[in-house]
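Biologist: Could you walk me through this protein, one question at a time? I am new to reading structures, so please show me your reasoning.

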Amino acid sequence: MTVLVTERLRLRSARPGDLAAFHAILSDVEATRYWSTPPHRDLEQTRIWLDSMMSIPADEGVDFVVELAGEAIGKAGFYRWPEVGFILAPKAWGRGLAREAVGAAVDHVFREGLTEVATADVDPENLPSIRLLERLGFERTGSAERTWNIGGVWKDSLYFALIRDRWAARI
C-alpha cells in the first residue's frame, strides 16, 4: 500500500471508513458542479463509488484519498490510466491543496514508470481546475462538444496532457 506525504497532506488508499467523508463531498452540489455524475442521492451510491475506488486493479490505475490533518478531504489520482482526476471538499478549496495532491499523484506515477503521459478531461467552465493543470505543466491538446451527459445536461470537454519528460524537466 503506497502512502504519499507532502508538506500538508497524506495520500493513501481508500478504506471502508472513508464512506461518510466521501458521501459529504459527493452529495455536495458545489463540490460536484464539474464532476462526472450529479450529486450522490444516498449513502449506497457513495458506497458503490468507494468500493470501485478500493478495487482498482494496479494495472489499470492508482487513486488516493487526500487527508489533511487526519481528515479525508477528497481524492486525487488515476482511476484509469492515463487520466488524472481529483475532487476536494469545498472547505479545502483556495489553499493550493488540490495542486499539492494532484502534483504528488502525478509525481508518483511518473517516478514509478506507470505511465508516459497523464491526461485530463475538464469542463471548459471549470477555470480553477484548468489553472491547476496548467500550473502543473499540462498543455491543452483539444476539445469536444457534448461529451458528458450529467443529470440530463450535456457538457463539453477540454483535453489536457502532460508528458513524463516535461514533468521531469520542470525541476
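Modeller: Happy to! Let us start with a definition: a residue is buried under 20% relative accessible area, exposed over 50%, and partly exposed in between. Please keep in mind that this is a predicted model.

Biologist: Thanks! Is Arg8 buried, exposed or partly exposed?

Modeller: Its relative accessibility is 36%. The in-between class runs from the 20% limit to the 50% limit. Arg8 therefore counts as partly exposed.

Biologist: Which residue meets Arg8 in a salt bridge?

Modeller: The two side chains meet with N to O at 2.7 Å. This pair links distant parts of the chain, 92 residues apart: Arg8 sits in the loop between strand 1 and strand 2, and its partner is in helix 3 (residues 97–111). That partner has 16% relative accessibility and so counts as buried. The residue is Glu100.

Biologist: Where in helix 3 is the salt-bridge partner of Arg111, and which residue is it?

Modeller: The partner lies four residues from Arg111, about one turn of the helix. An α-helix has 3.6 residues a turn, so residues three or four places apart point the same way. Arg111 is exposed at 54%, while its partner is partly exposed at 21%. With the closest N and O atoms 2.7 Å apart, the partner is Asp107.

Biologist: Let us turn to Arg12. How much relative accessible area does Arg12 have?

Modeller: Arg12 is found in strand 2 (residues 9–12). Among the residues it contacts beyond four places in sequence are Thr2, Val3, Phe64 and Ala72. Arg12 is buried because its value falls under the 20% limit. That value is 3%.

Biologist: Which side chains make polar contacts with the side chain of Arg12?

Modeller: One contact has a distance of 2.6 Å, and another has a distance of 2.5 Å. Side chains of opposite charge can pair when their charged atoms come close. The partner at 2.6 Å is Asp18, and the partner at 2.5 Å is Glu67.

Biologist: Why do the buried residues of helix 1 line one face of the helix?

Modeller: The buried residues in helix 1 (residues 19–26) are Leu19, Phe22, His23, Ile25 and Leu26. Seen down the helix axis, they fall within one arc, so they line one face. What covers them includes helix 2, strand 3, strand 4 and strand 5. The arc is 160°.

Biologist: Is Met53, in helix 2, buried or exposed?

Modeller: Met53 lies in helix 2 (residues 43–54). Beyond four places in sequence, it touches Ala14, Asp63, Phe64, Val65, Lys75 and Tyr79. Its relative accessibility is 6%, so Met53 counts as buried.

Biologist: How many bridges join strand 7 to strand 8?

Modeller: Strand 7 (residues 139–150) and strand 8 run antiparallel. They form a hairpin with two residues between them, and Gly151 in the turn has a positive phi of about 60°. Within this pairing, Arg140 has Phe160 as its bridge partner in strand 8. The bridges number eight.

Biologist: And which residue in strand 8 stands opposite Ala118?

Modeller: Strand 8 (residues 153–163) is also joined to strand 6 (residues 117–122) by six bridges, and these two strands run antiparallel. The residue opposite Ala118 is Leu162.

Methods. Residues are numbered from 1 along each chain as its sequence is written. This is a predicted model: local features need pLDDT of at least 70, side-chain atom pairs count only at pLDDT 80 or more; totals for chains, interfaces and linings use all residues. Side-chain values use heavy atoms; hydrogens and water are left out. Buried means under 20% relative accessible area, exposed over 50%, partly exposed in between (1.4 Å probe, protein chains only). A polar contact is a pair of N or O atoms within 3.5 Å; within protein, one must be able to donate a hydrogen and the other to accept it, and residues adjacent in sequence count only if both atoms are side-chain atoms. Contact means heavy atoms within 4.5 Å. The arc is that of the directions from the helix axis to the C-beta atoms. Two strands pair if DSSP finds at least two bridges between them. A salt bridge is a side-chain nitrogen of Lys or Arg within 4 Å of a carboxyl oxygen of Asp or Glu.
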